[in-house]
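Please open the model in a viewer and keep the sequence at hand. The tour below proceeds by selection, from the whole chain to individual residues.

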Amino acid sequence: GEAGTRKVHIETVHMDIRYPCDWPNCTHQSQTKTKLKYHRRRAHTKEWSLECQLCEDQLDIWWGCIHPGEMDKHRARKHRVEWKEEKEAYKRDHPYVCCYKKCLNRFGTKVEVERHERKMH
């Protein structure tokens, strides 16, 4: 929530609080506990939430990430054709768009978009 965001801002910017990595011989420090958790997963334990199947199938290499946004950026850069086809299919399957300019979420039915607009805006 907003209070939590404010607290994190004050701790990281004004109080310069850092969370050190407790992995042996690692000197990394993160601004937040969440970022420290992601650092451990990336740098030490190699735990990935998502893996790119296209890289494995087409290029015979492994690629992974933690956040869905990272996968989306990766696919847009490395697998442009498939990414574009996927986006076009999503737009076809979700033709109803939220009318609020800063939102623009897409939905499969008119009922879903109306419920979203009523509850979220």
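## The chain as a whole

Of the 121 residues in the protein chain, 21% are buried. The model is a predicted one. Display the full C-alpha trace to begin: along its principal axes the trace spans about 55 × 45 × 20 Å. The radius of gyration of the protein chain is 20 Å, whereas a compact globule of 121 residues would have a value near 14 Å. Among contacts between residues at least 6 apart in sequence, 10% join residues at least 24 apart. If a surface is switched on, the accessible area comes to about 9,600 Å², and 52% of that area belongs to carbon and sulfur atoms.

Next, colour by secondary structure. The protein chain has six helices and six strands. Their order from the N terminus is α-β-β-α-β-α-β-α-α-β-β-α.

## Helix α1 and the loop after β1

Select residues 2-14, which form helix α1. This helix has 13 residues and reaches 17 Å from its first C-alpha to its last, close to the 18 Å expected at 1.5 Å a residue. Beyond the end of α1, select D16: its phi is positive, near 55°.

Continue to N25, in the loop between β1 (19-20) and β2 (29-30). The phi of N25 is near 65°, a positive value in a residue other than glycine. Is N25 buried or exposed? With 84% relative accessibility, N25 counts as exposed.

## Helix α2

Select α2, residues 33-45, and show its side chains. Which residues of α2 are buried? L36, Y38, H39 and R41 are. The cover over the buried residues of α2 includes β1 and β2. Just after α2, K46 takes a positive phi of about 55°.

## The aromatic pair

Now select W48 and W62. A search of the whole structure finds one aromatic pair, and these two rings form it: their centres are 5.5 Å apart and their planes stand at 55°, so the pair is tilted. The angle falls between the limits of 30 degrees for stacked rings and 60 for edge-to-face rings.

Where do the two residues lie? W48 is in the loop between α2 and β3 (50-51), and W62 is in the loop between α3 (53-59) and β4 (64-65). The pair therefore ties together parts that are 14 residues apart in sequence. Both rings belong to partly exposed residues: the relative accessible area is 25% for W48 and 41% for W62.

## L50 in strand β3

From W48, move along to L50, which lies in strand β3. L50 is partly exposed, at 29% relative accessibility. Leaving aside residues up to four places away in sequence, which residues does L50 touch? They are W63, G64, C65, I66, H67, P68 and M71. For one of these, W63, draw a distance between C-alpha atoms: L50 and W63 are 8.7 Å apart in space and 13 residues apart in sequence.

## Two cysteines without a disulfide

Select C98 and C103 and display their sulfur atoms. How many disulfides does the structure hold? It holds zero. C98 is in no disulfide, and the nearest cysteine sulfur, that of C103, is 3.7 Å away. For C103, likewise in no disulfide, the nearest cysteine sulfur is that of C98. The cut-off for a disulfide is 2.5 Å between sulfur atoms, which is why a distance of 3.7 Å does not qualify. C98 is buried, with a relative accessible area of 2%.

## L104 and G108

Proceed to L104, found in the loop between β5 (96-97) and β6 (106-107). The phi of L104 is near 60°, a positive value in a residue other than glycine. At 48% relative accessibility, L104 counts as partly exposed.

The last stop is G108, in the loop between β6 and α6 (110-120). G108 is partly exposed, with a relative accessible area of 28%. When residues up to four places away in sequence are not counted, G108 touches D93, H94, P95 and Y96. To finish, draw a line from the C-alpha of G108 to that of K35: the two residues are 34 Å apart in space and 73 residues apart in sequence.

Methods
Residues numbered from 1 in each chain as written. Predicted model: local features only at pLDDT ≥ 70, side-chain atom pairs only at ≥ 80, totals over all residues. Heavy atoms only, no water. Helix = DSSP H or I, 4+ residues; strand = E, 2+ residues; numbered from the N terminus. Expected span 1.5 Å × (residues − 1). Phe/Tyr/Trp six-rings, centres within 6.5 Å; stacked < 30°, edge-to-face > 60°. Buried < 20%, exposed > 50% of the residue type's maximum accessible area, 1.4 Å probe, protein only. Rg over C-alpha atoms; globule rule 2.2 N^0.38 Å. Contact = heavy atoms within 4.5 Å. Areas by Shrake-Rupley, 256 points an atom, 1.4 Å probe, with all protein chains shown as cover.
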